[in-house]
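The following account leads from the make-up of one chain to its contact with a second chain, and then to a single helix. Please keep the structure in view while reading.

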Amino acid sequence: MKTMLKSITAAVALSVAADAAMAQEEVVVYHWFEYLPQSLIDKFTAETGIKVTMDTYDSNEAMLANLKAGAMGTYDVAVPGDYMVDIMVGEGMLDTIAAGELSNMGNIEDKWVNVSFDDGRKHSIPYQWGSTSFAVNKDVHPGNVHNTDLLFNPPASLSGKINMLDSQGDVMALAALHMGIPQCSNDRAQLKALNAMLQGAKQHWASFNSDTTKDLLVSGDAAVSMIWNGYSAKARAEGANIEYAYPEQGFLVWMDNVVLLKDAPNRANALKFMDFLLVPENIAQVSNYAQYAAGVKNVGPLLGEELRTSPESNPRDGAPAAFVQACDAQTQVVYDQIWTNLKK
Amino acid sequence: MAGANIKSGIATDTYAKERYWLLLPSWAVLLIFIVVPVAIMMVYSFLTKEFRGGVIWEFSMAAYDQFFFDRGLFGDEPAKIEWTYLNIYWRSIWQAGLATIFSLAIGFPTAYFIATRDAKVRPIWVFLITIPYWVNLLIRTVSMKFLLRDNGPLNSFLQMLEVIEEPLHIINTNLAVQLGLFYSYLPFMVLPIYAAIERYNFSLSEAAADLYASKWQTLRYVILPTVKPGVIAGCILVFVPSMGAFLAPDLLGGAKNFMIGSLIEEQFKGNAGNWPFGAAASMILLTMVLIILMVFSRQQSKAQEA
């Protein structure tokens, strides 16, 4: 027993010593998967000597749930979408960036400074923005693609070949645009109609999937899939004969934002990281990697030719765009019920 | 058997003093990783939900009410019995039951085959059974998806052999979910049955044959009763995780229908953010599993008495 105690003490002492030797400045990032190129992480570490530690998530809601379940104080920055910034502000999870703390704050494009989810950018900076709509296989459906009927009331040729994003917020918002009703409406007749419309549309859908939308289109397993514009561009680059739709009823825009979390263990490094991402040359690398637009001035000329000119990053004139709204508690309960009905 | 008892008797005496100390790690593991989490879940299922995840520390039966009673889309109609969640549970039990039957049908002969090989090569066969399971379950399930799809390798192969003309539509059906569950949990069936058959004394089969028992009668009245504990262990090991599985239903079944696992996941990771309901659904699942296990063990002890 005594020898065991001794060896345990020795082991503990050793590991403490090792930790001290490796002590290094770091920033802990909670981020979406496949969204930050390794080359840029290396560049940041080379410039600042700060090590980047990253965990990833696959939905805004998963990120929120994990932070709420006790991960606050672990991470310095996270990258929530527009409506989730709103929610996190409401939950008191975000720290305030004081004026002057970010030297590159002036680089943010004017139209992204006073945004509905963070007026005046007190807690967040733009990361990437893009749209959520759907892509259609032109071999299967050569006609006009710019109509949400292809998802919710499709012709026989597409029925059973449709993949929807497995995301309540996106599906419900697009469904509301399709029906021409306001998002998060609490009008009973409209909610009932929304429920009935989705129930009728479900028979045409093959699957709900968010992670492999690109592969579904490239392999031809799905003829229509809801998809983010960057993924659609990638699918096309990989040989899928698809067209990205800007429906006349409307499509969804989103913006991911880097936020400073409350109780950040490395607050100063987090600010350096945010400043780094506001430099056009740096954020352009993310855009070229992820195929989405940055919210920073003077990025345009640094983007690849394909990204600047691709139909996925240049919305069709006359197609209305809308952010997904976060519903109030009462409406959200009904939305949950509709979603459960859809998947029961 | 008697020899084993004497041996363990000596062992107990040798460590009589340290016994409780030595048991401490296992007790600690059970307490920290099973009792505490289940207790937290139980408490949470009786709390009030906080909007967008989290709980308010006020007692509430709302989660269980939501599970069992249907009050319409807006929650103000007279309560009816809620079939939605019961149907989800029934579907999961049915799927898990089928997966168990398929695994048993393939797993038993496989285990029998391995156990009847030469003692030297048996470890190799067991090793071969476990190799695919060194790969992460998620990766295996995604690979399965690519194998099964309409213009995937399986269909191309069958079309090349001219067995079929049109591709078989397997992906996004219940059959695909079945194949996924069966493939995921097959070794959990094979290994316990193998362990049981390996201990089986094959001279009993010879004795049965000497007494003019047919091969079927030998299997039914001699082998099966002897290896029954292994079969039951295998069935439980396949059935219980299949019931809570969500990878196979999501990736292979197209996530069109909730299973118990994905329903619970949605409460924590989805928009609903309804932690008490997720906890209540887990408690109901836990209760069901306990009841099933109790029925199993009661039958087993009855069989032993007889």
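A residue is called buried here if 20 or more other C-beta atoms lie within 10 Å of its own C-beta atom, with C-beta atoms placed from the backbone. By that criterion, buried residues make up 29% of the 306 residues in chain B. The model is a predicted one.

Chain B contains 13 helices and 4 strands. Taken along the principal axes, the box filled by its C-alpha atoms is roughly 75 × 70 × 35 Å. Among the contacts in chain B with a separation of 6 or more, 65% join residues that are 24 or more positions apart.

Chain B also meets chain A: 24 residues of chain B are in contact with 30 residues of chain A. On the side of chain B that touches chain A, helix 4 (83-115) and helix 12 (260-269) of chain B each supply at least two residues. Helix 4 of chain B gives the most, with 3 residues. Sorted by class, this side of chain B has 8 nonpolar, 11 polar and 5 charged residues.

Attention now turns to chain A. Which residues of helix 4 (residues 82-90) of chain A are buried? They are Asp82(A), Tyr83(A), Met84(A), Val85(A), Ile87(A) and Met88(A). These buried residues pack against helix 3 (60-71) of chain A and against four strands of that chain, namely strand 5 (118-119), strand 6 (124-137), strand 11 (251-260) and strand 12 (321-323). After helix 4 of chain A comes Gly92(A), which has a positive phi, near 70 degrees.

Notes. Residues are numbered from 1 along each chain as its sequence is written. Chains are lettered from A and ligands numbered from 1 in the order in which they are written. This is a predicted model: local features need pLDDT of at least 70, side-chain atom pairs count only at pLDDT 80 or more; totals for chains, interfaces and linings use all residues. Two residues are in contact if their C-beta atoms, placed from the backbone, lie within 7 Å. Ala, Val, Leu, Ile, Met, Phe, Trp, Tyr, Cys and Pro count as nonpolar, Asp, Glu, Lys and Arg as charged, and the others, Gly among them, as polar. A residue is buried if 20 or more other C-beta atoms lie within 10 Å of its own, exposed if 12 or fewer, and partly exposed in between; C-beta atoms are placed from the backbone.
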